[in-house]
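Biologist: Hi, I'm new to this one. Can you walk me through it?

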2 protein chains.
Amino acid sequence: MTETAVRRGRPGYDQAGILEVAVAAFNEFGYDATSMGVLAARLGLSKSAIYHHVASKDELLELALGQALDGLEGVLLEEAASTGDAAERLAHVLRGAVRVLTDKLPYVTLLLRVRGNTEVERRALARRRAFDRAVAALVVEARDEGSLRADVDPGVATRLLFGMINSIVEWYRPGGAEGADQLAEDVLTVAFDGLRV
Amino acid sequence: MTETAVRRGRPGYDQAGILEVAVAAFNEFGYDATSMGVLAARLGLSKSAIYHHVASKDELLELALGQALDGLEGVLLEEAASTGDAAERLAHVLRGAVRVLTDKLPYVTLLLRVRGNTEVERRALARRRAFDRAVAALVVEARDEGSLRADVDPGVATRLLFGMINSIVEWYRPGGAEGADQLAEDVLTVAFDGLRV
DNA sequence: GTCTATATTGAGATAGAC
DNA sequence: GTCTATCTCAATATAGAC
């Protein structure tokens, strides 16, 4: 209670608290369209108070993108990502990606909208592409072992898979009718078996 | 050659020419991040020259979104969109959506990134949602007639379908390895039959 | 940790000549 | 149809007090 921070209530933000509000605003209006002014208003602070916690608007973005990318890369490091045949490993990674999307929804949402305008954005895109490439390699492996159909190009298949998964950030909201686990199962069902009866 | 416009070459833009360049820039940097200044530079014009063709930056966006939405809504008006059983109609609309995406790629790309910050954007989102709802109704119908599996919620299924299709704007480029028709077939294959052999 | 200024830059848009 | 100014406003960021 003397020097050590006992964090409660609202005013008296720490960096994580600033970041959470900022990311929500970035997702609502878009990063560029969100001024430090409206951010300050949402925080109930003055603009300059934000600069006590972060050096720039850019740094807010960098911190947020790091959250998302750490989560995704973490999936590839899990044991099940390198255990079993390629189809099993692919299923694990897809399930893991859905889990990270739903767990860190705002951060991943922001990541998926980054265009590469700044150095920070370009570094994030590079990390994201590396993740995508790892999954693409799994798809090729799964096809080569005979688990996946050969009449759809693996590159196209990977992109359609990511299209399905990444689009989740556009509509999934925690506490909705569909839970995150059920959603991951649905994604795998459609991806592997399709919608036809 | 006297009063009538004989349009050739580059300088001496008409509205469509301005729009084409503008949309390319909007897609590259994002709408908000694209200033009228960089737009003018790309056109090889002064900023004020742009205002001879359009009233505002907002109007450029409105014209572009109209192109995309007209195309998508047109698919629903085609005869095959109301002929046959629900699964056949659904297949036609999905194929049509892919065709519009690839034909009007830059315009649809822009549409899919709109957040709803301005009146123009909100009107576009409303039209887009109406299109989505029409497809969702087809999915429900196809499930009810027994063509689609009942163990995936139709709302989720529709969103995953759109996720797959809409993501095409992120990577499809005309003249690439995969043609637009083959791509539409791949989408239908994954959507209906899945990737598993 | 937050405030009230304020510096500075670049945005969207207009006026009026050619 | 395009130009060279120029207006006006809002943006990011800083200075320095409390």
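Modeller: Sure, let's go through the domains and then the two copies.
This is a predicted model, where local features need pLDDT of at least 70, side-chain atom pairs count only at pLDDT 80 or more, and totals for chains, interfaces and linings use all residues. Residues are numbered from 1 along each chain as its sequence is written, chains are lettered from A and ligands numbered from 1 in the order written, and side-chain values use heavy atoms, leaving out hydrogens and water.

Biologist: Which domains does the assignment give for chain A?

Modeller: Domain 1 covers 15-54 and domain 2 covers 63-193 in chain A; the bounds come from an automatic or database assignment. Their centres, taken over C-alpha atoms, are 28 Å apart.

Biologist: What area is buried between domain 1 and domain 2 of chain A?

Modeller: About 710 Å², with carbon and sulfur atoms giving 64%. That's accessible area (1.4 Å probe) lost on putting the two parts together, summed over both. On the domain 1 side, Leu19(A), Val23(A) and Asn27(A) lose the most, together 63% of what that side buries.

Biologist: How many salt bridges cross that interface?

Modeller: The rule finds 0 between domain 1 and domain 2 of chain A, counting a side-chain nitrogen of Lys or Arg within 4 Å of a carboxyl oxygen of Asp or Glu.

Biologist: New topic: what turn lays chain A on chain B?

Modeller: A turn of 180°, with a shift of 0.0 Å along the axis and an RMSD of 0.0 Å, superposing by least squares on C-alpha atoms of residues with pLDDT of at least 70 in both. The two copies are thus related as by a two-fold rotation axis.

Biologist: Which C-alpha of chain A is nearest the axis?

Modeller: That of Gly194(A), 1.9 Å from it.
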